[in-house]
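This report describes a protein model together with its ligand. The sequence and the coordinates are shown first, and the description follows.

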Amino acid sequence: MSQHGTEATRAALGGRISYAQSWKDPAVLLGGLRVNADDDVLSVCASGDNSFALAIAGARSVTAIDLSGPQIALAKLKLAGAKHLNLARFHSLLGLSGLGQRIYLYHLLRPHLDEATVAFWDANEALIREGLLGCGKFEHYLSLFRDRMLPLVHRQSTVDEFLDLADLDAQRKFFVERWNNRRWRALFRVFFSQTVMARSGRSAAQFAHVEGAVSGAFLERTSHVMQEIPIASNPYLQWILAGKYRDLEHSQPYLSAEGHKALGIAADRIEFVHDDLITHLAGVEAGTYSAFNLSDVPEYLSEAESETLLRACVAASGVGARLAYWNLLVPRWRPPSMAKMLSRDTALGERLIRQDRAFVYGAFQVETVECSTFSH
Ligand SMILES: C[S@@+](CC[C@H](N)C(=O)[O-])C[C@H]1O[C@@H](n2cnc3c(N)ncnc32)[C@H](O)[C@@H]1O
């Protein structure tokens with residue numbers, strides 16, 4: 001079986017931190033997977049944030065997997081911070097407070113980290129100085145948007161006024177009357193075009209299976225979130241527009257005071273695997289996992305590879321196991337050939353995607369294993 005998609009992804013993303021924070025809403029993921037204390041979850045690591053959310057939600061074990069070593073190093077450093085730093089210091093390491101001393105904090109954590117993680121961070125202390133949540137390629141791209149593009153469209157006072165709105169009707173009115181002007185739409189279309197994103201924010205490999213215009217779809221989804229989801233509880237819009245979260249109680253679960261404590265306690269239930277999903281799954285026994293967070297990896301793969309991945313999930317789990325994944329720009333769900341093996345809960349997926357505060361995604365798939373590969 002060709003590994004073209006996985007290999008292209010490894011070549012593009014394997015050596016860098018692309019995502020310093022999760023751009024996928026944990027509330028959507030948790031609503032799809034409904035994990036409990038009997039669950040062993042395989043979860044795409046990326047920034048670590050959604051794997052942390054699954055552990056805090058009570059999964060028995062979470063195996064965070066990524067083909068990128070730097071992404072794993074990032075998640076391990078965050079996790080060590082949650083375990084060994086108090087809240088103020090943890091927030092400083094992440095870049096959420098002005099306390100500073102980030103390199104000093106890293107050196108406090110260094111003895112708790114493995115060799116590969118230390119080697120990465122020793123060579124990349126400059127990223128730590130930025131604050132961990134801002135250090136990814138995608139976050140750099142967003143800060144370019146915030147610092148260079150947005151001021152060409154809206155004054156800082158307009159951005160602040162938008163972010164201050166506490167009522168959805170007022171938000172809709174503000175969007176229509178003050179925000180959604182011709183210049184906003186024009187600059188958005190350029191900055192979030194496939195060409196600019198592939199060069200600066202994502203990578204060409206991440207668009208390999210995308211057909212059709214990208215910026216129009218993103219503009220439509222952004223217009224939806226700006227009118228239909230309260231900005232006061234939307235950490236994603238807050239970060240994009242202001243470079244910070246306004247309310248840590250409504251951001252990633254591990255960032256609140258309670259969440260930081262819960263993650264410190266859950267830390268020992270999280271393991272890391274530096275590998276690609278298909279290779280890892282091929283080496284584990286049936287029944288190893290009962291739930292899967294596949295991020296939006298299926299759309300980085302061809303249809304054939306995507307089916308290989310889904311079949312590998314079925315083979316590594318058992319009846320009743322759940323799979324959840326997003327579609328950003330490519331429609332992917334279990335193919336008709338797997339209809340007996342995996343049932344799709346389209347109603348749940350559609351309900352959850354409508355509430356998705358991360359808003360750029362087109363669909364969310366929730367599937368349940370009905371019978372194992374070998375029964376048919
Ligand atoms: C799939 S990306 C999602 C990013 C974001 N949603 C987007 O599309 O721009 C999240 C993480 O998945 C990892 N990844 C991609 N393909 C993978 C694979 N086949 N196995 C394991 N990790 C993979 C990447 O290294 C990255 O850290």
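## Ligand shell and fold

The shell around the ligand comprises 11 nonpolar, seven polar and four charged residues; Ala, Val, Leu, Ile, Met, Phe, Trp, Tyr, Cys and Pro count as nonpolar, Asp, Glu, Lys and Arg as charged, and the others, Gly among them, as polar. This is a predicted model, in which local features need pLDDT of at least 70, side-chain atom pairs count only at pLDDT 80 or more, and totals for chains, interfaces and linings use all residues. Residues are numbered from 1 along each chain as its sequence is written.

The ligand is surrounded by 22 residues, the closest being Leu13, Ala46, Ser68, Asp276 and Leu277; a residue is near a molecule if its C-beta atom, placed from the backbone, lies within 6 Å of it. Two elements, α1 (4-13) and β2 (61-66), give two or more residues to this shell. The largest share comes from α1, with three residues.

The protein has 19 helices and seven strands, assigned as DSSP runs (helices: H or I, at least four residues; strands: E, at least two) and numbered from the N terminus. A compact globule of 376 residues would have a radius of gyration near 21 Å, and the 20 Å of the protein agrees with this; the radius is taken over C-alpha atoms, and the globule rule is 2.2 Å times the number of residues to the power 0.38. Along the principal axes, the C-alpha atoms fill a box of roughly 60 × 50 × 35 Å. Of contacts between residues at least 6 apart in sequence, 76% join residues at least 24 apart, a contact being a pair of C-beta atoms, placed from the backbone, within 7 Å.

## Burial of selected residues

Of the 376 residues, 44% count as buried. A residue is buried if 20 or more other C-beta atoms lie within 10 Å of its own, exposed if 12 or fewer, and partly exposed in between, with C-beta atoms placed from the backbone.

| Residue | C-beta neighbours within 10 Å | Class |
|---|---|---|
| Arginine 34 | 13 | partly exposed |
| Valine 118 | 18 | partly exposed |
| Alanine 291 | 26 | buried |
| Alanine 46 | 30 | buried |

Most residues other than glycine have a negative phi. Arginine 34, although not a glycine, has a positive phi of about 40° and lies in the loop between α2 (26-33) and β1 (40-44). Alanine 46 likewise has a positive phi, of about 45°, and is located in the loop between β1 and α3 (49-56).

Alanine 291 belongs to strand β4 (residues 291-293). Beyond residues up to four places away in sequence, alanine 291 touches Leu33, Val35, Asp39, Val41, Ala321 and Arg322. Its C-alpha atom is 5.3 Å from that of alanine 321, 30 residues apart along the chain.

## Helix α7 and its packing

Valine 118 is part of helix α7 (residues 115-122). Outside its neighbours within four places in sequence, valine 118 is in contact with Arg110 and Leu113.

Helix α4 (residues 69-84) packs on α7 at an angle of about 100°, with the axes 9 Å apart. The two helices are therefore roughly perpendicular, a term for angles of 65 to 115 degrees. From α4, the contact involves Gly69, Pro70, Ala73, Lys76 and Leu77, and from α7, Ala116, Thr117, Phe120 and Trp121. By class, this contact has six nonpolar, two polar and one charged residues.

How values were computed. Two residues are in contact if their C-beta atoms, placed from the backbone, lie within 7 Å. Axes are lines fitted to C-alpha atoms, for helices over the stretch in contact, and angles run from 0 to 180 degrees between N-to-C directions. Angles under 35 degrees count as roughly parallel, over 145 as roughly antiparallel, 65 to 115 as roughly perpendicular and the rest as oblique.
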